[in-house]
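Trainee: I would like a close look at one part of this model. Please take me through the salt bridges, pair by pair.

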Amino acid sequence: MQTKLTERESDVAVRLSKGMSKQDIAEDLSISIYTVARHIANIKLRMNFKHTYQIIAYFNGKS
């Protein structure tokens with residue numbers, strides 16, 4: 001899948017794939033939990049995913 005994510009979206013996706021919660025990601029990146037949720041929603045749209053677990057599976061397969 002050749003979908004271009006922003007650097008921040010990639011940061012969020014990688015952390016999700018490592019099992020971090022939205023709250024943990026927010027604290028790690030010094031952003032609000034609402035911003036994390038927005039990034040996840042954007043990733044789903046860009047990658048045509050319906051579920052967060054699809055992001056996790058995709059990025060776990062890349063590492």
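Mentor: Start with D28. Its relative accessible area is 44%, so D28 is partly exposed. The model is predicted. D28 pairs with R15 in a salt bridge, at 2.5 Å from N to O. This contact joins distant parts of the chain: R15 sits in helix α1, D28 in helix α2 (residues 22-29), and 13 residues separate them.

That is one of three salt bridges in the structure. Next, take R46 and E9. Their closest N and O atoms are 3.0 Å apart, and they form a salt bridge. Here too, distant parts of the chain are linked: R46 belongs to helix α3 (residues 33-47), E9 to helix α1, with the two positions 37 residues apart in numbering. The two partners differ in exposure. E9 has a relative accessible area of 2%, so E9 is buried. R46 comes out at 41% relative accessibility, so R46 is partly exposed. The cut-off for buried is under 20%.

Now D11 and R8. Their side chains form a salt bridge too, at 3.7 Å from N to O. This pair stays within helix α1 (residues 7-17). D11 and R8 are three residues apart, about one turn of the helix. D11 has a relative accessible area of 23%, so D11 is partly exposed. R8 also counts as partly exposed, because its relative accessibility is 31%.

Put together, helix α1 carries R8 and D11. Helix α1 also holds E9, the partner of R46 in helix α3. R15 in helix α1 reaches D28 in helix α2.

Technical notes: Residues are numbered from 1 along each chain as its sequence is written. This is a predicted model: local features need pLDDT of at least 70, side-chain atom pairs count only at pLDDT 80 or more; totals for chains, interfaces and linings use all residues. Side-chain values use heavy atoms; hydrogens and water are left out. A salt bridge is a side-chain nitrogen of Lys or Arg within 4 Å of a carboxyl oxygen of Asp or Glu. Helices (H or I, at least four residues) and strands (E, at least two) are DSSP runs, numbered from the N terminus. Buried means under 20% relative accessible area, exposed over 50%, partly exposed in between (1.4 Å probe, protein chains only).
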